[in-house]
Amino acid sequence: VSRQLKEEIRRGFARLEDPLAGLLAMLESSSDWKGKGHSLGYCITTELQLWIKEHPAVPQFGTTLKKLQARVLRLLSNCPANLLDPLISIYQLHTADRNYLLEHVNHLYLQGDYKEAAILSIKLKLQPDQDVEKMCTPLLLQDKANLVEDYVGEYPELQSKLLQTLDTWCDPSFNIRDITRPYQGLSRYKPEKFNRRVLSKLVFRLLERFNVDPALCPNVINQRHLRTLNYLFYKRFVEKTMTEENWADHIQSTVGENRWLQGQLVQSLLRYCDTRGAARWAQRCRVPPEMLPCAVAEELQKLHIQDRVEGVTKADNYEDSKKKDYYQLPIPRENIHFLQTWEEMLQCWEKVLQPGQVIGVDMEWKPSFGMVGKPRVALLQLALKDEVFLLDLPQLLKQAEAEGKKENLPHFIHRLYSDAAITKLGYGMSGDLSSLAATCSALKDTEKQMQGVVDLLAVDKQVDGLSLEHNQEERGVRQPEKGLSLLVHHVLGKPLDKTEQLSNWEKRPLREEQILYAASDAYCLLEIYERLCKDPESFSLGSDLTESLVGKQSKKSRAKKQLNKQEAPSPSGQECQGPKMKLSCPPGPISPREFNVVCDNMLQGLGRYLRCLGVDVRLLDNEDDHRKAAEIARQEGRVILTSGLPYQTLRSQVGEGRCFSVNCSEKAKEQALQVLKHFNVQVSLTDIFSRCQ
């Protein structure tokens, strides 16, 4: 607003006997203020708000103010959002009679103006005196979950009530039509957005946002655990990609002492095992005998020590076959060090932080299986040529906090990643660093400051085509290799044994199989890198591989260089150096038109947003199974965007880096920014709405 207009508005106020009544008269007789944006009515209102602060004697009191408040309340239901706060402030609505305000909001509600009633309640802080289920139900039916979140946002008691209500609706025995029936004629009614699946996702989002104890929502949590159980049975008995010990760890931590889940476990055991097998697993998973069917309970009593002997013999034979079929660590077992104290860390520090050192880096965390919270790193692996260090991060952080030395471990990790003289090898490092930041907030800027990193995911696509062909003959024997295992198979001759990948990495002590798996995952990066650097031509890579892969600049300086010289960084964050780069140079930024994705059905908002930016998007329908995303991705060469438990399933069905987990607690815009940044997609003005009619 120009200074001249502001001065004219203020002179007008000064001439009025009652500026508050004058403003209301203007707004009541004008339609200009009802439009979006900064109308003249908005300018006058906000100027009056400022003018009142400078002239404290102006505000009205008593009967006159009550009359003005009654008039302004009638205006507020049709009022643009940007005028609500100024008008509430000017007419001191927070001081108005609370019962009168509640009566007015209830009148709006009975008229069917549910959104307006909720917004006004939030602005006037009326929620503690309202029925949270009554206020929020029509909003959820209109797909206004964000407004529901805002409604309970400042009131922990209401958050708990809302979550308990939503959890009740998610009970399989609850008839959800009982809720929707009174609202059949509701405008903008979206029944497809009101089902157990959508509601359970909302529950998890609210639990995470408000940091509420998940025990408050037993139905939703049990259903999520049941999906985890089904997934674990699929991995163990259909895919056969989990060891017995690993599977039993997860089953025990998922089921625990929960009687309902124990019953579900027994049913699943009977589906996948014979009676003897079911009895053996029931014993292993500590299912109470009284919960077992008679036949299984009888079999349980017959189990003898011989079963265990047979099990051990089978395990030994399995270990022998593993050595023949899979990549094996070339260093002795005594050279793998599991570090839990700062004193043990010092020997690692001295060896790792040496100029010229080449280190394989990997991280492990307990699979979340779609539960609340971001994964926290449980193990950090650092592989040198002759030894591997396994850092027990939870224990090291706990000890450092107890001793008042919280900065020690973050300082070591930061030094490692930011030192350009030390080459760090990884595979899909961005996801690892994101989990590292969730584990320790002091490490949140590590990715921005890292130098001297080599992400072997950048060369994976170049050897991928060759290795798929190489692997066809073994598909009848076991699951086809993917990701790092596929790269190891092609470059080193044998794949990684991934049966421990989904282990419970937080459980201590770690099993021997977990220790060997973790060490192998980091050490194989050293051998791949060495082989590729020695003979890049054999893998269809350029001869200047070493020079091109090692990034020596921070992200900031890379960004500047890109702007100044039009040189593009790769998605893994490595600078492409040298003019002779051929296949070895990782791809630079891409336009939205080159970026093809398939969005899982819980991310339809994100899909529509990306389509507005020019991205080629396929959206799953609400009734589609998540696995359809993998079919589309494979057939059409698309990247899968998903979230939660489906990510664990889908990532194993496509190549490494072709499935991305999106944070469901964020809005579509923030999700889109996250995706664009991760895949280095650069949007120009001509891309916006280029795919929309």
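**Surface patch, buried helix and model confidence**

On the surface of this predicted model, Val683, Leu685, Ile688 and Phe689 form a nonpolar patch with about 400 Å² of accessible area together. Patches are made of residues with over 30% relative accessible area and no salt bridge, like charges being joined within 9 Å and nonpolar side chains (Val, Leu, Ile, Met, Phe, Trp, Tyr) within 5 Å; a salt bridge is a side-chain nitrogen of Lys or Arg within 4 Å of a carboxyl oxygen of Asp or Glu, and areas come from the Shrake-Rupley method with a 1.4 Å probe, only the protein chains shown counting as cover for residues. Phe689 lies in the segment after helix 32 (668–678) and counts as exposed because its relative accessibility is 53% (buried means under 20%, exposed over 50%, partly exposed in between).

His250, placed in helix 14 (residues 244–255), counts as buried, with 0% relative accessibility. Setting aside residues up to four places away in sequence, His250 touches Leu232, Met242, Pro367, Phe369, Leu502, Ser503 and Asn504, a contact being heavy atoms within 4.5 Å. In helix 25 (residues 483–492), 10 of the 10 residues are buried, and just after this helix Gly493 takes a positive phi of about 100 degrees; helices are DSSP runs (H or I, at least four residues), numbered from the N terminus.

The chain averages a pLDDT of 83, with 85% of the residues scoring at least 70; pLDDT is the predictor's confidence in each residue, from 0 to 100.

Residues are numbered from 1 along each chain as its sequence is written. Local features need pLDDT of at least 70, side-chain atom pairs count only at pLDDT 80 or more, totals for chains, interfaces and linings use all residues, and side-chain values use heavy atoms, without hydrogens and water.

Key
Helices (H or I, at least four residues) and strands (E, at least two) are DSSP runs, numbered from the N terminus. Buried means under 20% relative accessible area, exposed over 50%, partly exposed in between (1.4 Å probe, protein chains only).
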